[in-house]
Amino acid sequence: MDWKGRDVISVRDFSKEDIEFVLKVAERLETELNEKGSLDYAKGKILATLFFEPSTRTRLSFESAMHRLGGSVIGFSSAASTSVKKGESLADTIKTVEQYSDVIVMRHPMEGAARLAAEVAEIPVINAGDGSNQHPTQTLLDLYTIKRAFGKIDGLTIGLLGDLKYGRTVHSLAEALAFYDVELYLISPELLRMPKHIIEELREKGVKVHETTDLEGAIPELDVLYVTRIQRERFPDEQEYLKVKGSYQVNCSVLKNAKETLKVMHPLPRVDEIHPEVDKTEHALYFRQVFSGVPVRMALLGLTLGVLEGV
Amino acid sequence: MAELKVTAIKEGTVIDHIPAGKGLKVIEILRLNRPNGGVLLLASNVHSGKLGRKDIVKVEGRFLSEEEVNKIALIAPTATVNIVRDYKVSEKFKVEVPDEITGILRCANPNCVSNHEYTVSKFYVVSREPLKVRCHYCERTMEGDEILRNL
C-alpha cells in the first residue's frame, strides 16, 4: 500500500484496509524498537510540529516518534510566538514551513484547518486535532491499543462514556469502529448524547448500538470502557456544563460487576472521571494507551515520508 | 390568464419555474448581470399552475450548460431550463442537485476555517431528499433552512 506523500486529515478518508495496514506497521515498528532501542528510517528527515493550540501528549508523542525513527523536529507550541500574531494567513505559514521540513504535524483551533493546510502544502500534513472536528491519530492509537490488548477488535462490546455530544475523540472512534463487527454502548447524560446523525450512520453500517444513561447497568456487558472527560471549553453555555459536570466516576465500586478482562481506556487528560484507585487494577489500560501513541505515530510519519521500505 | 408581459428571446436561455422571490438570487449565483452581457429579463410573481407564483429569468446570447444551472438547484429545485435558438426551444432540462457544491454556499459553522481564511467553499451532498450537505473543511452537515440561510 503506497502511503508516500499522503495526508492524514480525517478518519473519513480511511478504508478498513488503511487502518489495518497502519496498525500492522505500528506493531512491527514497536517490536523492532524493543529489539534495537532506536531506529534510523527517518535519518535526515525533519518534522515540523505546528501547534497553534496547546497540547502535551500529542505534541510530545509525535516528537518522540520522530526522534525514535532517527529524524529531527522543529516547530512551535503556541501561536503567540509566530507570524500568525502579525496577521499572516494559515496558507502562507504552511507554505513557509514546508520549505524547512519534510512532513507537517498540525493542531489548530479551527475546524477544517488541517484540510486547508493539506491542500496548500506539497509535503504530507498530519492532523493532530482541528477544533472539535477530527483527531485521526488518536483514533488509530485507540484501535491499536484495543487490538494489542485483545488480539482483535471484531466481536468486542465497547462502551463509550461521558461527553458523547461534543467529544471529537468518541465521534472519530465510533466512526472507525463501524468498520468492525462490534457492539456499542453509548453511555452519557441525556444532555450529552451522541449526535443522531452519527448513531444513524453506525446503525446503517450494521453496528448494534445501545444508548443509556446507566453506567452500572451497562458495565457487566463490556469488554472495553472508553471514558472521556466532560470538556468545559467545548460548551457554548456554562449552565449546561454545570448541569452535567461530574455525572460519572469510574471507581472500584462501579467496576465490581465488570468482567475480569474489562479494560478501561481514556484519551487523557482526566479530571475526576476515573478515580486513581483504578490505576493499579488490571482494568487500567490508559497509560498503555498513551504509550501506543508512539508506535502508531512512528508508522504514520514513516509511511507518509515513504521511508519504511522493508518494514 | 393574462398574457406574459415579457419579450421572447431569439437566442439564449430561459429559466422557468423559479420559486417566487428567488429570481434575483438565481441571477446573482449564475452571474448573469455582467456589464457587457446580453439582455437580461426577470419576471417576478408570475402566475403558475404548479407553484402558484413563480419567477422567470431570460438571458439573451448565453447558453447555460446543465452543470452551470445545477448551481441554482439549492434555491430553485423546481426550475426548468430552456435553451432557445431562433425563437424556438432547442433543448430543455430540469435542474439537479450536483454531487459537489463549490463556491456558492457558506458554512454555518462559525469556527470553520472556510469562514476565516481564503478558501473556495466546497460541500458534498450527503442526501438529496431531504437535502443534506457536508462541508469539505469542517465536516459539519447542514440541511433545510440552514442551507438557504447560508446561500
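**Figure 1. Helices α1(A) and α5(A) are roughly perpendicular to each other, since angles from 65 to 115 degrees fall in that class.** In this predicted model, the axes of α1 (residues 16–36) and α5 (residues 136–150) of chain A cross at roughly 65° and come within 10 Å. The crossing of α1(A) past α5(A) is right-handed. On the α1(A) side, the contact is made by Ile19(A), Glu20(A), Val22(A), Leu23(A), Ala26(A), Glu27(A) and Glu30(A). On the α5(A) side, Leu140(A), Leu143(A), Tyr144(A), Lys147(A) and Arg148(A) take part. By class, the residues in this contact are seven nonpolar and five charged, with no polar ones.

**Figure 2. Helix α5(A) crosses helix α10(A), which covers residues 286–305 of chain A.** The two axes come within 8 Å, at an angle of roughly 115°. Here too the term is right-handed, for α5(A) passing α10(A). From α5(A), the contact takes in Thr137(A), Gln138(A), Leu140(A), Leu141(A), Asp142(A), Tyr144(A), Thr145(A) and Arg148(A). From α10(A), the residues are Arg288(A), Gln289(A), Ser292(A), Gly293(A), Pro295(A), Val296(A), Arg297(A) and Leu300(A). The contact of α5(A) with α10(A) divides into six nonpolar, six polar and four charged residues.

**Figure 3. The axes of helices α1(A) and α10(A) cross at roughly 105°.** These axes come within 8 Å, and the angle makes α1(A) roughly perpendicular to α10(A). Phe21(A), Val22(A), Val25(A), Ala26(A), Leu29(A), Glu30(A) and Leu33(A) are the contact residues of α1(A). Those of α10(A) are Arg288(A), Phe291(A), Pro295(A), Val296(A), Met298(A), Ala299(A), Leu300(A) and Leu303(A). In the contact of α1(A) with α10(A), 13 residues are nonpolar, two are charged and no residue is polar. Val22(A), Ala26(A) and Glu30(A) of α1(A) are listed in this contact and also in the contact with α5(A).

**Figure 4. A cis peptide bond joins Leu268(A) and Pro269(A).** Its omega is about 5°. Pro269(A) is placed in the loop between β9 (263–265) and α10 of chain A, and Leu268(A) lies in the loop between β9 and α10 of chain A as well. Leu268(A) has a phi near 60°, which is positive although the residue is not a glycine. The loop thus holds both the cis bond partner Pro269(A) and the positive-phi residue Leu268(A).

**Figure 5. In chain B, the peptide bond from Glu129(B) to Pro130(B) is cis.** Omega of this bond is near -5°. Pro130(B) is found in the loop that runs between β7 (122–128) and β8 (131–135) of chain B. The chain as a whole has three helices and nine strands. From the N terminus on, its elements run β-α-β-β-α-β-β-β-β-β-β-α.

**Figure 6. The overall dimensions of chains A and B give the setting for the close-up views.** Chain A has 10 helices and nine strands. Its C-alpha atoms fill a box of roughly 55 × 45 × 40 Å along the principal axes. For the 311 residues of chain A, a compact globule would have a radius of gyration near 19 Å, and the value of 19 Å for the chain agrees with this. The C-alpha trace of chain B spans about 50 × 35 × 20 Å along its principal axes. Chain B has a radius of gyration of 17 Å, which agrees with the value near 15 Å for a compact globule of 151 residues. As to confidence, the mean pLDDT of chain B is 89, and 95% of its residues reach 70 or more. The model scores ipTM 0.89 and pTM 0.88.

Key:
Residues numbered from 1 in each chain as written. Chains lettered and ligands numbered in written order. Predicted model: local features only at pLDDT ≥ 70, side-chain atom pairs only at ≥ 80, totals over all residues. Heavy atoms only, no water. pLDDT = per-residue confidence, 0-100. Axes fitted to C-alpha atoms, helices over the stretch in contact; angles between N-to-C directions. Helix = DSSP H or I, 4+ residues; strand = E, 2+ residues; numbered from the N terminus. Parallel < 35°, antiparallel > 145°, perpendicular 65-115°, else oblique. Left-handed = near helix turned anticlockwise from the far one by under 90°. Contact = heavy atoms within 4.5 Å. Nonpolar A, V, L, I, M, F, W, Y, C, P; charged D, E, K, R; others polar. Rg over C-alpha atoms; globule rule 2.2 N^0.38 Å.
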